[in-house]
Structures are given as C-alpha cells and as structure tokens.
Amino acid sequence: MSQRIPLFSISLLSATALGYEVLLMRLFSIIQWHHFAYMIISLALLGYGISGTLIALFQKQLLKHFNFAYPGLLILFSLSSLSCYLMVQQIPFNAEEIFWDPHQLVYLLSIFLLLSIPFIFAASAICLALAQYPDYISRIYGMDLLGAGAGSFAIVLLLFLVFPMTALILIALLGLFSALVAARELNLKQRWLTPGIIIAGCIIFFTGVSSTLNISPYKELSQILRINGTQIIRQNSSPLGLLSIVESPVVPLRHVPGLSLNNLQEPLAQLGLFTDAGGMTAITRYPRQTGELAYLDQLTSALPYHLNNIQRLLVVGAGGGSDILQAQYHQVDNIDAVEINAQVVDLLKNEFAEYSGKLYQQQNIKVHIDDVRGFLSTIGTDKKTQFDLIQISLMDSFSASASGLYALHESYLYTQEALQNYIEHLSADGYLAISRWVKTPPRDALKMFATAIKALQQLDKKNINQHLLLIRSWQISTLLIKNSAFTENEITAVKSFCQQRSFDIAWYPGISKNEVNRFNIFNQAYFYQGAGALLGEHAEQFLQEYKYYLYPATDDQPFFHHFFKWSVLPELLSLRGQGGVLLMEMGYLILIATLLLAIAASIVLILLPLLAYRKTQSVSSANGSSHNSSPINRSKLFLYFFMIGLAFLFIEIAFMQKFILFLHHPIYSISIVLAAFLINAGIGSTWSRYLVKNYSYQKVMKWAISGIIVLSLLYIVILNPLFSWLIALPIVFKIVLSLILIAPLAICMGMPFPLALSTLGDNTDGQGQAYIPWAWGVNGCASVISAVLASILAIHLGFTVVILIAISLYYFCLLLFPGICISQ
C-alpha cells in the first residue's frame with residue numbers, strides 16, 4: 001500500500017514545537033525572569049542544529065527504518081516536552097549568584113541542554129523527512145513553517161483559556177496526536193503504536209496534573225508566602241501574566257514604598273497583587289473617610305499636588321489603584337487611568353469591587369485598557385484633552401530592578417520619544433511625574449534625568465534646567481518635568497514639602513550645594529552632582545566617564561534598564577568579595593553567558609561532528625565520483641547556510657522587539673511576529689518550488705534577496721512613523737496589520753534556504769542529497785548564536801543596525817549561491 005508524504009504531521013509537529021517554545025517563555029517569566037526569553041529561542045534552535053548533526057551522522061540507518069523512526073521521534077518529543085521542563089524546575093539556579101558560585105554556570109548549562117532535548121526530537125523528525133523526500137523539500141519546509149507560524153499564534157489564544165501548566169500538558173498530548181496522524185499518513189499497522197501512545201498520554205496527563213510551578217525562592221511572591229498565615233486567595237492567567245492575589249491575615253500587608261519616616265498615619269489594610277510572581281502592587285481596602293488616606297501624602301509622588309491645583313490626572317499603570325487613591329485624597333476631579341492588563345481591571349471591578357470601594361467604577365474615574373502611548377494617540381493634544389499631571393510610578397519591582405534583571409526588557413515607556421509624547425499632552429503648566437527606585441550609585445534617576453533633558457531639547461524648550469526638579473526619599477526618587485518653567489512659589493512649596501517629610505532635594509533651578517543630601521545621607525551628593533553634570537557644558541564627558549550607561553533610551557534602542565559598561569567589569573569583579581557583584585547588571589551578563597554557552601554548545605554538538613562528517617563525505621566522494629561529477633563546494637556551502645541562519649534570525653528578532661511598541665506586550669509581539677514570519681516564509685518556500693519550474697534557481701534567488709533588501713530598507717524608514725500613526729487602532733486591527741506588513745518580507749525570506757537545499761537535492765551525482773542534513777545543522781548552529789547575538793547588538797547599536805547587518809549577510813549569500821554546487 002502506498003504512503004503519503006507526512007505533510008500534515010510535520011505541520012502539526014511544528015505547530016506544537018513552536019507553541020512549546022512560546023509557552024516556555026511564559027513559564028520562565030513566572031518561575032524565573034523575563035530575560036530568559038532569548039535563551040529559550042536560542043536553545044530551541046540548538047535542538048534544530050543538533051538534529052541536523054544526528055541525521056547527517058546516522059541518516060543511512062534512520063532512513064532505512066524511516067517508518068519506525070519518524071513517529072518514534074514524535075512520541076519522544078511529546079514525552080520530553082513535559083519531563084524535561086519538570087526536571088529543569090528542580091535545578092536550583094539563581095541568576096544573582098552566577099559570578100560568585102561556579103555551580104550556577106553548570107546549572108545554567110544544564111537548563112540550556114535539558115530544554116533543547118524536545119526540540120532535538122522535533123527537528124530530527126522534520127530533518128529526517130527532508131532527507132527521505134528530497135524531491136519535495138520546498139513543500140515539506142513550507143508545511144513546517146506554516147505549522148510553526150500557526151502554533152506561535154495559537155498558543156497565545158490558548159493562554160487566554162487555560163493556565164500555563166495546563167497548556168504544557170495539552171502541548172505534550174498534541175505531540176502524541178501528531179504521531180497518530182503520522183502513522184495514518186505512512187499507513188503504519190504496528191499493533192504496538194496505538195496502545196503505546198495511549199499509555200504515553202496517560203503518563204503525561206497524570207504527571208502533569210500532579211505538578212505545580214516551582215517559582216524561584218528569590219521572587220517576591222515566594223518571599224511573601226514565607227510569612228506566617230499568608231496565602232494565595234485567587235489566581236488568574238492570560239498571555240500578559242499570571243496574577244496572584246495574596247492575603248496575609250496574621251501579619252497585615254502594608255505596601256507603601258518610600259513612605260516618609262515622619263509619617264504618623266497607619267496605612268490601610270491591603271491585598272497583594274503579583275504579576276508573574278513579582279511586580280507587586282497593592283489592592284487597598286477602601287477607606288470609610290478620605291482622611292484615612294493621609295499616609296499617601298507622605299510619598300515623593302505626592303509633590304505635584306502641593307505645587308498647583310490638579311484638575312485632570314492621567315495615571316499610567318493603574319494596577320491596584322494606589323495612585324488613584326492618592327489623587328482622591330487630593331480631591332482631583334477627573335482621573336484617567338491606563339492599565340494594559342484587562343484582568344487586573346476585571347478583578348477590581350468584580351471579585352474585589354467591594355473591598356476596593358468599586359474604585360474603577362466611580363463616576364470621575366475612567367479606566368482605559370491600553371498602552372499609554374496608544375491611549376494618548378487617540379485623544380489628540382488640544383486643551384480639552386490635556387492633563388495637569390501625568391503620573392508614572394514604580395512600573396517594576398525593586399528586587400528585579402536592583403539586580404539588573406530588567407536589562408534586556410524593551411520598555412517603550414521611558415524612551416526619549418515617549419517623554420516627548422507625554423509632555424505634548426500636558427497643559428501649559430502641567431507636570432510629568434516619574435518615580436523610580438533609589439539605587440546607589442544612581443542609575444535609573446539619572447538616566448531618566450538625561451532622557452528628560454533630551455526630550456525637552458527636541459521640543460525646543462529654552463532654559464531646560466528651569467523645567468526639571470528631582471527629589472528623593474530613602475527608597476524612591478521622583479522626577480518632575482514641567483511644561484513651563486518652575487516659579488519661585490513652586491520652589492518654595494517644594495522646600496516646605498521636603499522639609500516636612502525629610503525628603504532630599506536633588507535638583508531644582510538655582511539649588512545650592514548646602515541644600516542637598518541632608519536627611520537620607522549618602523557618602524556623596526550623587527544625585528545633585530549627576531543632575532548638575534548632565535545639565536552642564538561637559539555632559540558628554542560625564543556620560544562617558546560615569547560608571548553606568550546613562551545615555552537616553554530611544555525607540556530604536558528602547559533598553560532603558562541597560563546600565564552595564566564593560567570598562568567597569570574588572571573593578572566590579574575585584575570587589576566581588578565585598579558586595580561588588582550586587583552592582584552588576586545581571587540580566588545583561590546572563591545574556592552574555594547564554595551567548596558563550598550557545599557558541600560552545602554549537603561548536604561541540606554541531607560543528608565538530610559536522611566537520612567529521614564532512615571528512616567522511618570527502619573520502620566517499622573521492623572514491624565514488626566519476627570524471628563528470630560536480631563535487632560540492634563545502635566552504636561556500638558552509639558560509640551560505642551559516643549566513644542565512646544569522647540573517648533570518650537577525651531580522652526576525654529585530655522585528656519582534658520593534659513591534660512591542662505597536663502591540664504593547666512582548667508575548668504578543670513574539671507570537672504575532674513569529675507567526676507572520678513563519679507562515680509567510682512557508683508560503684514563500686512553497687512558491688519557490690513552482691517558480692524554479694519556469695525560471696533558473698539563480699534568477700529566483702536574485703528576486704528573493706532583492707526583495708528582502710528593498711523591503712527591509714523600506715521598513716527601516718516607514719515603520720516608526722507608521723506605528724505613530726496607527727498605534728491608536730484596537731489590538732485586533734493592529735494584529736491583522738502586523739501580519740500584513742510582515743508578509744511580503746517574510747515570503748521573500750522563506751525562499752533562500754529551501755532553494756539552496758533544493759539545489760543539493762537536485763544534484764545529479766547524488767552527493768548533494770547526503771549534504772541536506774549537514775546544511776540543516778550548519779543553519780541551526782548559526783541560528784543558535786544569532787538569536788542571542790541579535791539582542792546584544794540591538795542593545796548596543798539599535799534595531800536599525802541589526803537589520804542593516806542582516807541585509808549585508810543576505811547580499812553575500814546572493815554572491816555565494818551560484819558556487820555552492822560547483823567544483824572548487
């Protein structure tokens with residue numbers, strides 16, 4: 001009985017594998033930190049690279065038993081997807097110990113290798129199918145990409161319906177289903193297959209339902225649950241985060257960061273609201289009378305209310321509502337609050353409505369489920385829509401921020417362009433208030449100060465020092481940016497406000513040295529010195545010589561939390577035994593460690609075995625080739641597939657990061673951009689096979705790479721203005737628009753890889769077919785490195801440069817292509 005090419009099982013397997021990849025990013029955001037996202041992409045691609053090596057070395061044996069090996073690999077993927085994750089949860093990895101505990105590097109490597117195993121099995125199945133059916137490479141590769149794109153999109157929809165651990169169980173079971181589909185496509189009649197799959201399914205189900213998320217003991221939720229009597233009373237989940245509501249009846253929660261030490265008013269009872277086991281905000285019991293909120297006037301963020309009559313307020317990141325309660329205490333008439341996570345708003349409107357005093361349903365409070373830049377773009381800049389105050393307070397947790405774990409987090413909230421946008425939406429005498437955690441030496445506050453200076457310069461403000469004011473408590477700093485110059489009356493009010501609360505003034509127009517560092521005393525007046533230097537004639541020299549990277553973040557380099565400088569590393573390491581490691585930006589250094597691990601793993605597990613295979617093939621070719629054969633040019637073949645791997649991921653990663661501005665959240669951007677690139681690359685792969693029936697490989701390749709170059713350059717120019725113009729659209733329309741925007745570029749990018757593989761498959765002397773797994777492995781090796789390298793380059797050079805590098809690599813591939821199957 002004839003068998004079909006297993007296209008549907010390949011597509012289903014790819015969808016499951018990509019869904020697993022995106023899900024791992026969510027899971028690691030919960031149990032560890034957001035910066036693991038790029039490690040997940042890298043280790044997934046490591047699995048794909050290793051698969052090429054394995055198939056290259058053992059393809060004769062595997063192809064001989066294809067009908068057994070192919071579904072077997074699908075079953076192994078399913079079993080390992082759950083088991084490897086559960087094993088990783090038991091590894092006691094702590095990112096903050098990596099520079100003084102050598103075991104942490106071993107733990108990180110163990111995580112890296114364990115989580116690559118499921119991807120090895122999935123990719124081996126696909127690579128084996130490519131080797132088994134060399135005449136159908138474009139169709140197989142196309143179905144692989146189409147399935148992968150659909151999977152990256154479907155997992156986001158699934159995460160709206162179920163918790164992450166349930167999604168993990170469903171993905172493992174879906175892997176088993178793909179094995180059943182494969183058996184039907186291959187007309188397999190083995191009696192063991194169906195019972196074996198049923199047994200495997202039972203193992204997965206019962207193991208999964210009895211497992212829980214093992215959250216790092218260093219995350220805030222784990223810490224607070226150690227308090228006697230504390231318990232989680234509610235959990236909600238979505239792609240935007242796992243929300244946990246915590247009650248502490250024995251030791252009541254009192255979360256008021258930076259509260260003045262002079263405060264005499266007891267804070268109200270609270271519930272803790274955690275997102276992904278961190279980023280705590282408080283849901284406060286609504287007061288019986290407004291006077292009970294007096295403690296909220298003992299925060300640095302209360303300063304604007306003492307300088308002017310605030311009638312219209314915008315709160316960014318409403319969360320549990322503390323900033324709104326502060327505004328109510330100061331009798332603000334009209335309050336707009338922006339919150340990106342609809343589940344937070346839903347909790348306060350429904351289940352915790354009575355506890356919070358139906359805060360989000362009060363007549364003078366309008367809650368907008370949106371990103372702040374998207375919201376501002378919908379209301380215009382006329383006087384009726386301008387705000388007297390825009391309040392942005394503590395949008396990240398102290399523990400993660402202090403350890404530098406946000407270093408890789410793309411934040412379009414704090415870029416130069418964002419601050420310009422906020423200031424343009426202020427009334428004539430309006431304020432922008434940004435509160436950040438205090439660290440020593442100062443980082444956040446001074447970088448925000450530098451960004452504010454640049455934003456004011458771009459808005460053509462005169463006497464910029466007259467528009468800025470900076471104060472701090474023992475824990476929190478607040479930067480005030482005024483649309484007009486501060487007046488003498490306002491400065492007098494600032495002095496009185498800080499004196500009464502024992503807050504330190506770091507900068508106001510005309511400040512003198514003896515007015516600073518009086519209450520919360522540091523060895524030096526760091527904040528005052530830094531603010532003065534940034535406003536002075538030698539600001540550039542100060543930025544270059546300062547211990548941390550303080551240059552303003554931009555929309556092209558939106559890494560506000562990146563402070564690391566390589567020049568300071570030797571000094572910090574020399575202070576390792578004296579607490580110097582705590583001054584490092586750990587998120588960035590973990591990314592570097594991941595890159596080094598990726599390179600080492602790629603060399604040992606992919607390149608060295610492939611080089612051994614290359615020598616074997618060379619001997620084989622020499623012994624069996626005829627005088628008329630055309631041996632493979634292995635050097636050009638290596639360079640071509642290596643550069644294609646780098647270039648594809650460079651563009652893909654850059655677009656993932658750029659589209660966060662448009663789609664507002666990393667998980668949306670990653671999944672939608674992945675889906676758009678992979679689905680359309682699959683279409684391009686399939687289309688390329690039809691094109692070469694009428695045109696030469698060289699001509700089709702020239703068209704594809706020319707399209708990539710032209711479209712990439714076009715997007716560099718138009719994407720940011722286009723995002724600014726369309727950012728106000730509803731999220732559904734923006735998702736559709738993102739898919740449409742990426743489609744032409746992705747279709748072109750889907751052609752160079754299968755075209756080159758097809759030239760190997762069509763090689764008349766048969767040598768090329770043996771090199772298909774080898775090429776797959778080389779491409780995988782490059783992809784492993786490029787996933788992390790692209791992020792590092794984006795941090796230092798910006799997305800535009802990353803895309804330009806990718807364009808150059810594609811151009812060199814076009815030059816190499818004619819020679820990969822031509823004798824040297």
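**Notebook: rings, charges and a sheet**

I started with a lysine: the charged end of Lys447 sits over the ring of Phe563, and its distance from the ring centre is 5.0 Å. Note to self: this is a predicted model.

I looked for another case and picked Lys734. Its charged end sits over the ring of Phe662, 5.6 Å from the centre. Phe662 turned up again when I checked ring groups: Phe648, Phe655, Phe659, Phe662, Phe677, Tyr715 and Phe723 make up one aromatic cluster.

Next I asked how many aromatic pairs a search of the whole structure finds. It comes to 29. One of them is Phe205 with Phe206, an edge-to-face pair with 5.3 Å from centre to centre and 80° between the planes.

Are Phe205 and Phe206 buried or exposed? Phe206 has 55% relative accessibility, so I put it down as exposed, because the cut-off for that is over 50%. Phe205 has a relative accessible area of 39%, so it goes down as partly exposed.

Then I moved on to the sheet. I found 4 strands forming an open sheet, in the order E1-E2-E3-E4, with antiparallel pairing. Why do E1 and E4 each have one side without a neighbour in the sheet? Strand E1 (231–238) and strand E4 (278–284) stand at the edges and each has a single partner strand, so one side of each is left without a neighbour. I also noted the twist: neighbouring strands of this sheet are turned by 20° against each other on average, direction ignored.

Last, I zoomed in on one pairing. Strand E3 (residues 270–275) pairs with E4 in the antiparallel sense over 5 bridges. Across that pairing, Gln270 stands opposite Thr284 in E4.

Definitions and conventions. Residues are numbered from 1 along each chain as its sequence is written. This is a predicted model: local features need pLDDT of at least 70, side-chain atom pairs count only at pLDDT 80 or more; totals for chains, interfaces and linings use all residues. Side-chain values use heavy atoms; hydrogens and water are left out. Two strands pair if DSSP finds at least two bridges between them. Helices (H or I, at least four residues) and strands (E, at least two) are DSSP runs, numbered from the N terminus. Axes are lines fitted to C-alpha atoms, for helices over the stretch in contact, and angles run from 0 to 180 degrees between N-to-C directions. Rings of Phe, Tyr and Trp (its six-membered ring) pair if their centres lie within 6.5 Å; planes under 30 degrees apart count as stacked, over 60 as edge-to-face and the rest as tilted. Buried means under 20% relative accessible area, exposed over 50%, partly exposed in between (1.4 Å probe, protein chains only). A charge sits over a ring if NZ of Lys or CZ of Arg is within 6 Å of the ring centre and within 35 degrees of the ring normal.
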